Amino acid sequence: MYKAYFHLTRNPFDLTPDPTCFVPTKRHNEALAALYYGIRRHKGFVVLTGEVGTGKTLLLRCLLRLLKESKDVAYAYLFNGRLSPTEFLQYILSDFGLDTAGKNKSDLLFDLGKFLVSRGSRKMTTVLIVDEAHHLSADILEEVRLLSNLETEDDKLLQIVLVGQPELDEKLDSVALRQLKQRIAVRTHLGSLDAEEAKRYIQQRLQIAGVDSNPNPLFSDQTIAAVFRYSRGLPRLINTICDNALITAYARQLSSITPDVIGDVAKEFRLDVVPSLKPEKKVSHEDADIRQAISLLTDLFASQGRQPLTNDSDLGTPVSIEASKP
């Protein structure tokens, strides 16, 4: 709609993760290099985490493009981890091109083992990539750990890449998954862009879309600063703000994007709303039951002319109750 108006060859801020629009910031380059290194060096477990909107899926698309260029690499890409352990194995084998019809879990594991051993004997690389891995259940993560046991004396037969939000780190830090955590060989994290990176990100996206070079840029430095302020350096929000700013400017027949337009878009998407850092504490049913029990005990002791054991302010402190002597 606005491409012809602004003389663009494509949408510069498309939300679809397209590798041709990849802007290689330092942190994205480092993360991509870490993933590729972990896979090609057969390190076994590789983990990438990052907050929502930092570009994890786009980075994975770039990684997959690199892997496709290597004739000795086969990969399975799982983007929905809400599966049962058996469904998880069926999906993996199907993505590797193996037959899963009518097979139980033992058959699936046997076939996968044969497939990996065959490829390993030919010095080929086999990769399992799990996106949105923070959604994986403990049972699935245990299955993933067990798959890492498929190895020779000197090499890992299956390279496993887990990609997810910071909640994945919290899961991996749990006691139940300590064995899996200890097997992670490469770990990297994606953060938001700083002001200079955000500026270069916007400018390069516009260049990819064929923006005209002229003394009056489509996005001035002041406009880019406003985008950064409202987006907090998150690439997805930068795309959302800039795309809608272009639509708004087209509707108003403006020749460039002004900071006011950015402010209007941010307000429309409620990006000007500062989230509360101290959410209201909700009393759980368990807390309510404890308070009710304390109230009953207090009334009971009062009726007997005795001092209460505790009050509401002592809820977090263990109370020792000694049996009265006969």
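Start by selecting Phe 6: this residue is buried, because its relative accessible area is 7% (buried means under 20% relative accessible area, exposed over 50%, and partly exposed in between, using a 1.4 Å probe and protein chains only). Before you move on, know that this is a predicted model, where local features need pLDDT of at least 70 and side-chain atom pairs count only at pLDDT 80 or more, while totals for chains, interfaces and linings use all residues. Residues are numbered from 1 along each chain as its sequence is written, and side-chain values use heavy atoms, with hydrogens and water left out.

**Next stop: the rings**

Add Tyr 5 to your selection; at 26% relative accessibility, Tyr 5 counts as partly exposed. How many aromatic pairs does the structure hold? There are seven, where rings of Phe, Tyr and Trp (its six-membered ring) pair if their centres lie within 6.5 Å, and planes under 30 degrees apart count as stacked, over 60 as edge-to-face and the rest as tilted. Tyr 5 and Phe 6 make an edge-to-face pair, because their ring centres are 4.8 Å apart and their planes meet at 80°. Now bring in Tyr 2 and Tyr 250: ring pairs link these two with Tyr 5 and Phe 6 into a cluster.

**Then: helix H10**

Select residues 235-251, and you have helix H10 (helices are DSSP runs of H or I with at least four residues, strands are runs of E with at least two, and both are numbered from the N terminus). The 17 residues of H10 should span 24 Å at 1.5 Å a residue, and the end C-alpha atoms are 24 Å apart, so the two agree. That expected span is 1.5 Å times one less than the number of residues. Is H10 mostly covered or mostly open? Mostly covered: 12 of its 17 residues are buried, including Leu 237, Ile 241 and Leu 246. Show helices H8 (195-208), H9 (221-231) and H11 (259-268) too, as the buried residues of H10 pack against them. Just after H10, click on Gln 253, whose phi is positive, near 60°.

**Last stop: strand E1**

Select residues 45-50 for strand E1, where six of six residues are buried. Phe 45, Val 47 and Thr 49 point one way, while Val 46, Leu 48 and Gly 50 point the other. Now add strand E4 (residues 159-164), which runs parallel to E1 and is joined to it by five bridges (two strands pair if DSSP finds at least two bridges between them). Look for Leu 48 opposite Val 163 in E4. Finally, show strand E5 (residues 184-190), which pairs with E1 in the parallel sense over six bridges; there, Val 186 is the bridge partner of Val 46.

Definitions and conventions. Contact = heavy atoms within 4.5 Å.
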